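Subject: Structure for your review

Dear colleague,

Please find below the structure I promised to hand over, together with its sequence. My notes on what was found in it follow underneath.

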Amino acid sequence: MSDLAGRLAARTLALVDIASTSGDEAEILEALEVPGDLPVIDAQDAVLCVGPSARRDGAPRVVLAGHVDTVPASGNVPGRRDAGGVIGRGAADMKGAVAVMEAIAADLGAGMRTDLDVWLIFFGREELPITHSALLPLFTRCPELQETDLAIVMEPTANAIEVGCLGNLNARVTFHGRSAHSARPWLGHNAIHAAVEALATVASQEPRDVEIEGLRYREVVSVTTIEGGSAANVVPDRVEADVNYRYAPRTDPVAAEATLRGMLQAGEIQIIGNAPPGPVSVRNPLVDRLRRAGDLGIGPKQAWTPVAEFATIGVDAVNLGPGDPGYAHRDDERVESAALVRSYEVLGAFLRDRSVAEEGR
């Protein structure tokens, strides 16, 4: 293992060992290693936003953004290392990416030659519904972020560029009935039976492919929780179910809600959250520069990410990070040391002043 791989893996493990379940990010934000000569733009409300040591008038602005929070641990904090990488909660999603961001920050603080105006945002509460967002209040406090030309959200992508993101609609459906003895069910109305009938429409929905800019996004709907009944010999009078609908970037939140309501012909529907999708930004010249920096593939993001939040202020954003999305949120969550190095090298090649690189040839 190279010295760089070892350093990035060691730092990732150190970050994994700081438990930072969403809403409890103060300790990890305090522990971030960011050079003192990068000015702090904002350090409020689960955010650390730093800017360049010297502003570059007219230079394109690029933001690297990474969340420091995780889903709750499941016996995987503290983490551990093996020959290939780091294992533990948040390793893939996305403390490995945060370690890479710190390394890039160190290079910027040491005088990396870049023709870009580079900002870094470390933030919390990403794993919670968008109503708890730490980014959206930051955008209000710091309207200068609207001048960003490209944001790179360092979500797990296995070092491929993934553009756009799905909308994320969560609804709670309540079915009401009338309780009775199960030996005389005709005297009641079975809420579970009503739920089964209504939710069968959701269960029968096949994934729907939507093609945008030559990329395929899959719209899917799932019943994710269901709860009801009080005893084995009682006809239940109430059932609650959660339904999750992931919809493609060209569908707006209002239309998505109408679609879901159209699937559910019975039940009392309460919208719990509806995070909009992120637009598919493939024509931005900085995206092409990023692609060429590492000969990267471009694909769709089959999930919701903060790309959608940057879109609310008119900023193009893409997803790119070292974590493998297949390991995100798993009990054996991990990130490979080689992937950390690859991410660091690609971002470095992207950020460095191209005229300097050409002079060295």
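I will start inside one strand and work outwards: in strand 6, Phe-122 is the bridge partner of Gly-66. Please keep in mind throughout that this is a predicted model.

Strand 6 and its neighbours

The pairing to which that bridge belongs is the one between strand 3 (residues 61-67) and strand 6, which run parallel and are joined by seven bridges. Strand 6 also pairs with strand 2, in this case in the antiparallel sense and over four bridges, and here Cys-49 stands opposite Ile-121 of strand 6. As a general reminder, the strands of a sheet pair through backbone hydrogen bonds, and they do so either parallel or antiparallel.

How far is strand 6 enclosed by the rest of the structure? Seven of its seven residues are buried, so strand 6 is largely enclosed. Asp-117, Trp-119, Ile-121 and Phe-123 point one way from the strand, while Val-118, Leu-120 and Phe-122 point the other way, and all of them are buried. Asp-117 also belongs to a network of salt bridges, in which it is linked with Arg-61, Glu-144 and Glu-147.

The open sheet

Five strands form an open sheet in the order 11-12-14-9-15, with antiparallel pairing. Strand 11 and strand 15 stand at the edges and have a single partner strand each, so one side of each is left without a neighbour in the sheet. From one strand to the next, the twist averages 20°. Within this sheet, strand 12 and strand 14 pair in the antiparallel sense over eight bridges, and Ile-226 stands opposite Ala-241 in strand 14.

Salt bridges

The count of salt bridges comes to 23, and three of the pairs may be worth setting out in detail.

In one of them, the side chains of Arg-125 and Asp-45 meet at 3.0 Å, N to O. Arg-125 lies in the loop between strand 6 (117-123) and helix 4 (135-141), and Asp-45 in the loop between strand 1 (40-42) and strand 2 (47-50), so this pair ties together parts that are 80 residues apart in sequence. Arg-125 is buried, with a relative accessible area of 17%, whereas Asp-45, at 38% relative accessibility, counts as partly exposed.

Another pair is made by the side chains of Asp-242 and Arg-172, which meet in a salt bridge at 2.9 Å, N to O. Because Asp-242 lies in strand 14 (residues 238-247) and Arg-172 in strand 9 (residues 167-176), the pair ties together parts that are 70 residues apart in sequence. Asp-242 is buried, with a relative accessible area of 17%, while Arg-172 counts as partly exposed at 29% relative accessibility.

The side chains of Arg-283 and Glu-213 likewise meet in a salt bridge, at 2.9 Å, N to O. Arg-283 lies in the loop between strand 15 (268-275) and helix 7 (285-294), and Glu-213 in the loop between strand 11 (208-212) and strand 12 (215-228), so here too the pair ties together parts that are 70 residues apart in sequence. Arg-283 counts as exposed, at 68% relative accessibility, and Glu-213 as partly exposed, at 36%.

Pocket and cavity

Which residues lie closest to the centre of the largest pocket? This pocket holds about 740 Å³ of space, and of the 34 residues that line it, Glu-127, Asn-168, Arg-246, Trp-304 and His-329 are the closest to its centre. Strand 9, strand 12, strand 14 and strand 15 each supply at least two residues of its lining, which divides into 15 nonpolar, 10 polar and nine charged residues.

Turning to enclosed space, the count comes to one cavity of 30 Å³ or more, and the volume of the largest cavity is about 60 Å³. Among the residues that line this cavity are Phe-123, Arg-125, Glu-126, Trp-304 and Glu-309, and the lining as a whole divides into seven nonpolar, two polar and three charged residues. Trp-304 therefore deserves a look from both sides when you open the model, as do the residues of the two linings in general.

With best regards

Definitions and conventions
Residues are numbered from 1 along each chain as its sequence is written. Side-chain values use heavy atoms; hydrogens and water are left out. On a 1 Å grid over the protein atoms alone, a cavity is a set of points where a 1.4 Å probe fits but cannot get out, and a pocket is an open set with protein on both sides within 12 Å along at least five of seven lines; lining residues have an atom within 4 Å of a point. Grid points are joined across faces, edges and corners, and a volume is the space filled by probe spheres set on the points. Ala, Val, Leu, Ile, Met, Phe, Trp, Tyr, Cys and Pro count as nonpolar, Asp, Glu, Lys and Arg as charged, and the others, Gly among them, as polar. A salt bridge is a side-chain nitrogen of Lys or Arg within 4 Å of a carboxyl oxygen of Asp or Glu. Buried means under 20% relative accessible area, exposed over 50%, partly exposed in between (1.4 Å probe, protein chains only). Two strands pair if DSSP finds at least two bridges between them. Axes are lines fitted to C-alpha atoms, for helices over the stretch in contact, and angles run from 0 to 180 degrees between N-to-C directions.
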